[in-house]
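Me: I should be grateful for a close look at a single part of this structure, explained in a connected way for a first-year student.

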4 protein chains.
Amino acid sequence: MERHQLWGGRFQVAPNAALVELNESLSVDFRLWPYDIRSAKAWVAAIAQAGVLDAAEESRLSKGLDRVATRLERGDGDNATDEDVHTLVERLLYEEVGDVAGKLNTGRSRNDQVTTDLRLWCLDAIAAVDSELQALGNALVSQASSGVDTVMPGYTHGQRAQPVTWAYVMLAHAWPLARDRGRLADAADRLAESPLGLAALAGSGIAVDREQIARELGLKRLSQNGLDATGARDFVAELLFVLGIVATHVSRLAGELFTYASAEYGFVRLSEAYCTGSSLLPQKRNPDVLELARAKASRILGDLAGMLSLERGLPAGYNKDLQEDKSLLFDAVDTTLLTLPAIRGAIEEMKPVADRMEMALDHTMLATDLADQLVAGGVTFREAHGLVGNLVRVAESLSVPLTDIPAETASTIHPEFPTLIGSLGTWRDSIERRSTMGGASKQSVERQIELLTQQFAADPT
Amino acid sequence: MERHQLWGGRFQVAPNAALVELNESLSVDFRLWPYDIRSAKAWVAAIAQAGVLDAAEESRLSKGLDRVATRLERGDGDNATDEDVHTLVERLLYEEVGDVAGKLNTGRSRNDQVTTDLRLWCLDAIAAVDSELQALGNALVSQASSGVDTVMPGYTHGQRAQPVTWAYVMLAHAWPLARDRGRLADAADRLAESPLGLAALAGSGIAVDREQIARELGLKRLSQNGLDATGARDFVAELLFVLGIVATHVSRLAGELFTYASAEYGFVRLSEAYCTGSSLLPQKRNPDVLELARAKASRILGDLAGMLSLERGLPAGYNKDLQEDKSLLFDAVDTTLLTLPAIRGAIEEMKPVADRMEMALDHTMLATDLADQLVAGGVTFREAHGLVGNLVRVAESLSVPLTDIPAETASTIHPEFPTLIGSLGTWRDSIERRSTMGGASKQSVERQIELLTQQFAADPT
Amino acid sequence: MERHQLWGGRFQVAPNAALVELNESLSVDFRLWPYDIRSAKAWVAAIAQAGVLDAAEESRLSKGLDRVATRLERGDGDNATDEDVHTLVERLLYEEVGDVAGKLNTGRSRNDQVTTDLRLWCLDAIAAVDSELQALGNALVSQASSGVDTVMPGYTHGQRAQPVTWAYVMLAHAWPLARDRGRLADAADRLAESPLGLAALAGSGIAVDREQIARELGLKRLSQNGLDATGARDFVAELLFVLGIVATHVSRLAGELFTYASAEYGFVRLSEAYCTGSSLLPQKRNPDVLELARAKASRILGDLAGMLSLERGLPAGYNKDLQEDKSLLFDAVDTTLLTLPAIRGAIEEMKPVADRMEMALDHTMLATDLADQLVAGGVTFREAHGLVGNLVRVAESLSVPLTDIPAETASTIHPEFPTLIGSLGTWRDSIERRSTMGGASKQSVERQIELLTQQFAADPT
Amino acid sequence: MERHQLWGGRFQVAPNAALVELNESLSVDFRLWPYDIRSAKAWVAAIAQAGVLDAAEESRLSKGLDRVATRLERGDGDNATDEDVHTLVERLLYEEVGDVAGKLNTGRSRNDQVTTDLRLWCLDAIAAVDSELQALGNALVSQASSGVDTVMPGYTHGQRAQPVTWAYVMLAHAWPLARDRGRLADAADRLAESPLGLAALAGSGIAVDREQIARELGLKRLSQNGLDATGARDFVAELLFVLGIVATHVSRLAGELFTYASAEYGFVRLSEAYCTGSSLLPQKRNPDVLELARAKASRILGDLAGMLSLERGLPAGYNKDLQEDKSLLFDAVDTTLLTLPAIRGAIEEMKPVADRMEMALDHTMLATDLADQLVAGGVTFREAHGLVGNLVRVAESLSVPLTDIPAETASTIHPEFPTLIGSLGTWRDSIERRSTMGGASKQSVERQIELLTQQFAADPT
């Protein structure tokens, strides 16, 4: 029996095996089948309304497509070797309804078909990623909620900077996810266009009602130019970018926790359920979830770079180069949906180690407090900064903590220092002196928790 | 005289020359000075209101900053060797107002300062790019308007596919720019946050009114977490992505025109004002503007890949790695603002060559029309596709155009063919048979021109 | 039954399902099994020699590994769900030989194991790619050999520049492949190191003879530092780069042929066996092989960018991030081995269309010949260039070919022009005037064919 | 006065300002001038030998080029606005020698000229980078030499794994640089080709002796095909890759030291000369050199990705897109030459803190020693691994170090444990038990120091 193909009448020679292998996309695009069925059913309705099908034909095709869906769901396409998912669906439809299947693609091309299918797929993928972002955001907010009173060093440049709380650090990783949900929503809105009915490049020979098709597919707008619509992949690039920035944010979270999970910091203890061991070293308990989450950003960066490079210099309209878009996109979405649940689980079960965090606070971290107090006494900030710097240097040369520097020595740098040092108070006092909205103070942290709780409860806007 | 620095009291040793060279950013960030002055003035007002400055000090600092701006405008900073733009501004302020300058940065850090400055800079950069996109969009629409009746081949896979018009092709390149304006607007909205007052990481020791600062700077929202805000660069990555996709769209336009400008196509003639010659071959008239516009997408892709890679694995909060963001961003914005006016000018002055376009239409491009007409006669589309394919094959083997195939031969393939071939009509007839909205028909093209004229007239939303 | 694992004694909790899914690498690294068996057998010999195994144990393990190989070859591992290929092999070995299997990995870690396996795999992959490069090179040389007398325009900037031959163009795409073979050979040489015996990071507790292991595995050198060797992936990055540049060269070849395969150029006719059709347009015969070959460079660029980003900032020694290397590398190698045979086949069966090539030659392409002849008469080249430029401009304004410009007009520009124009001769004469080695002359082309025939006959050096 | 141009006779219209700005490359390629002079002098000799110049003309041109060099050296070209460096040099030559300057470029094109100049530039750039790699390698070996007896934890997955020495860690970062020197040498060898005499694409109209030119320029081989040679930029991509992998290795070194420089690890103390302070926090002493060195790998990754993307799909021969190569390459070389001296200086002056390193060793790091000793007593390794894992778990649940677990408890897991634990010995004993070549033992480290001392003393091969 001859291989079912959507083309071939003008060919005298069958495709070479090496081309068949290079050209086939079913191994990649098979997962589009539910969307291919959905768009096919919308198309059947549209060409019936346009008079191409009579009621009986419409019904046979539509029911046939449902049966094809049932068969694909139960695995009938799993070892198929068709050229692509569209060929597979048409072939199975022939098996179900016979020759009338040949009417399905009247006035339709794979060019408008594939970009419609892919847009529908993207909308579901975005919903799935968004839902995982919500869950991860909630996990971070939950860690924050129980860490409002856990003081720890805040770092810049990898060096202790000022005291903050565990809550504040967790929230610092939740806010980027809130922004990313906005990016996903923007991408979803922009790609919810219906190209169906634009055919290969110039519009369809069948006068279908494109608005009606769009409504049926749940898409918001019509693509307005067939050459543009069949060749455009900016929606793929945009989604890849958003996944890239999501992965970057996750890698930053993972990178920070990786440091905190070291024996030297000891700030967090991961659940064993998110660690693995070593094949050689019996004692090892490795934070693989963090390392892998950190790594995935690179992979998605590669997918994005590949995609942008792919489109460079191509004319409008469909060129086969664009077939590569799906490997890149599916890899990035799969990677995201593999990573987010794992990192979320790790965060849900992770235990902060409050005493290690507190032990890591040292008194040079109050240097800015001292400078601020000199300022309150009328010294300019730049001068105060220098004076406290001197104090730090002297403490270092004496090998004593900043707060243990002898009063007589401190007062040679500035007469107020002994008094000011005496009144520095607790770590919490220091934190509360950073009172601006968005800072590390308790009030600010509690407000952030409230805002983000709402953010991650809500559906995307 | 000692070099002015924003730090150093705790140091006993001056920085090594190799570090100074690696570390300095003034050669890159100098262009931020107007924004650094703006944010400094907002800060002066804020700390005055918070009681750090009395009215006289506020006035001296504010006027001093104005004088610094005047000096920088007239070139006083052009050969400066300060560490960065913030140091330069503070040093000049000392020169203008003396020691009170040391109060400027009370409760402020370069960490919140630089991200504020950069966000303000981005908003202006986005406005400039958007305005160039409008202009380029208008140039394309204008070409389209005068090309509504210029028929030409539409291509897919680099092969003649169906007849379309020059207008339709130009519009296919205008629509992506409309989407990109939406992306720019989304990016602008998202980045219009005010981090000022979050200081180094944990909030400021001075209880400034951050809402008031944001209003003064024209920013829409407050950044809500200091660790996040000082370390976040997703706004840079997002803008780089949007510039990357803009550049990709421009490269596609340029790539298509490059093909059309060849002697073999001969579809367009560029103005000499946008061509250059060869140093060796006297006859050459090279479409450099198209080649360079095609190339620039690669450079911006590199900037984006660099930026995403840069952030990977970094903890929240400021790390010096982030200093690299500006070289990448400025390169991409400069490249965009260099490329868009040149390609726009080339399009404004480019002449389509209607007779070469028409000569390139050949009758196999009517194959789909024939198939559609068989369908109208009751043949299924898939069968019709095969029959017309056979007809094409036979025409090829006879070395005659599809429309010149002898009637007796054609009718052996399908009895209707001779009649159908006879009624194919003009190229315009064929185009009008693609009647769906968004297709190549005159009505669709005119509607697109109307929609895009509005789009490119309007301010960004 | 409990899942076989290479670790776990110190764990109280089983890994979470989300981690298992994120962490598993068998779906990617399964293909390493033949190399894992090879390195395991070398290890068995080494630890036997070191006294860890007695002769009977050595024999049981070695034969057991052979039986594992046989089982894997016949598909026993196809649906396995082990953590990775190393776990799979050890598990099957337990099934084959019982508890003595537990001695296999004495003093060995997955860290030295996986990089050994991967290096062995790379050597085979390089040999396969090299062999395909030879074949593609030979196909190009073969096209060149039959196109020595086929004249055609040579292009720069997409514009006709000077006459050349089809042979010369084909050879221009063969030389880069010769350089790429050198790059592959360099990469192969550099990566042929044996890390086995370096264990997890610090060397093995068993005093194996690493030189002997290297000899057994056919590797040239020992890795000299365990922390470096277990964490180094520069060999992967280097191979990805070489594949990236190979793919870039192939994309340039494909891009050029894509242009030549257009109806407007018509310089080559692809075999139908390397084309596909359209689902909608019955006449289409699309050069998919060229489009896909052009596209693949982007994908490999993405793999390379991902790999370099992955390693950034990681300490020496093994980090789990590195597990991502294999997806990227395998994708690039698979892509290369899918693309090269297809493009080679297309080139072997492609027909140049000599008359279309010759028709595309126009007389302005002789402008440089005219300038050179003015130079021979004593005019400086820069002046001659300007004079011929004027001549071209006048011809254009008269709408005549350069060679049909009236003598009286030509002589007003330079008195020698009418005579010089008269003596321009044939296209071949013009080509032969470019007589330098490496130019388009027949002698140069024949010499290139000879050199490249040797190059692509030889084994890599 | 008219602007000097290398073309223009056939043009009626001057280039538009926007094109001039987009097209100019002098701001980028100015630095090529010494190489442009060198290749010009070689060309003058070659065309004199070919009879185009008489002896007097040759002498005037050659001396004129020397005077142009002198002028450029003293800054005469610093504010020039020529199109590119080649135009600048020709213009100045006209100023020096008058109309005979018009003979310089007889038979030569900017296409062969620029790739010749760039290859010569690359050879010098490679020598400079190689010399910096030697210096950095020596700095690492020197740190290693004084750290042979400094024990510290070796890490995998960011977790303590086995004891090693500071020397071993430093050497782990030196070996990759040795490989990179090999890569640089391979790249240098491959690019040392002479394209001069291949003109625009098809060879020169002047029968110059290309072998003689190559000898004069110190290049090893002739480029063998003009279309290939003028359009090939794989040598640029290869150098960018090598710089990318160098930067990646440096980023790994910097990333590891950044961790060790934290207060929590405290393993190294950077010299203040390689740190900077904070504008707000007086106590900060930030390891900027490490952060910047870590970051630069991203930038060069971007340059490489841009370059590969740039070449994708371009035909052989020169296309203006290729002009972008130099911005990318120069950025990468400049970045490398800025970073290497700074990181080297930091390493030369960095102090390891032996007591902090030793304090970080904990007894679970001897788990593998215990397992190895069980193996020596006949237990299979896999079983021993499990038993020691149990021991670790019990120690953890008792909150005691592995070595303090009560004998009665230990012996319930395995009867030998109490004895084995008692005989574990010192950290150095443990290190020496890893006795394979390339491991952490003293003998292995000393041999590495010897090998690398030779490596970094030698010139590149």
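Reply: This is a predicted model, and the part chosen is helix α10 of chain C, residues 234-260. A simple check of its length comes first. With 1.5 Å allowed for each residue, the 27 residues of α10(C) should span 39 Å, because the expected span is 1.5 Å times one less than the number of residues. The C-alpha atoms at the two ends are 39 Å apart, which agrees with that expectation. As for its surroundings, α10(C) is mostly covered, with 26 of its 27 residues buried. An α-helix has 3.6 residues a turn, so residues three or four places apart point the same way.

Strand β1 of chain C, residues 151-156, may be set beside this helix. Six of the six residues of β1(C) are buried, so the strand is largely enclosed by the rest of the structure. Its partner is strand β2 of chain C, residues 159-165, which runs antiparallel to β1(C) and is joined to it by six bridges. Within this pairing, C:Met152 stands opposite C:Val164 of β2(C). The two strands form a hairpin with two residues between them. In that turn, C:His157 has a positive phi of about 55°. In a regular strand the side chains alternate between the two faces of the sheet.

To place this part in a wider setting, one may turn to chains A and B. There, 114 residues of chain A are in contact with 113 residues of chain B, and the area buried between the two chains is about 8,900 Å². Carbon and sulfur atoms give 54% of that area.

Key: Residues are numbered from 1 along each chain as its sequence is written. Chains are lettered from A and ligands numbered from 1 in the order in which they are written. This is a predicted model: local features need pLDDT of at least 70, side-chain atom pairs count only at pLDDT 80 or more; totals for chains, interfaces and linings use all residues. Side-chain values use heavy atoms; hydrogens and water are left out. Helices (H or I, at least four residues) and strands (E, at least two) are DSSP runs, numbered from the N terminus. Buried means under 20% relative accessible area, exposed over 50%, partly exposed in between (1.4 Å probe, protein chains only). Two strands pair if DSSP finds at least two bridges between them. Contact means heavy atoms within 4.5 Å. Buried area is the accessible area (1.4 Å probe) that two parts lose on being put together, summed over both.
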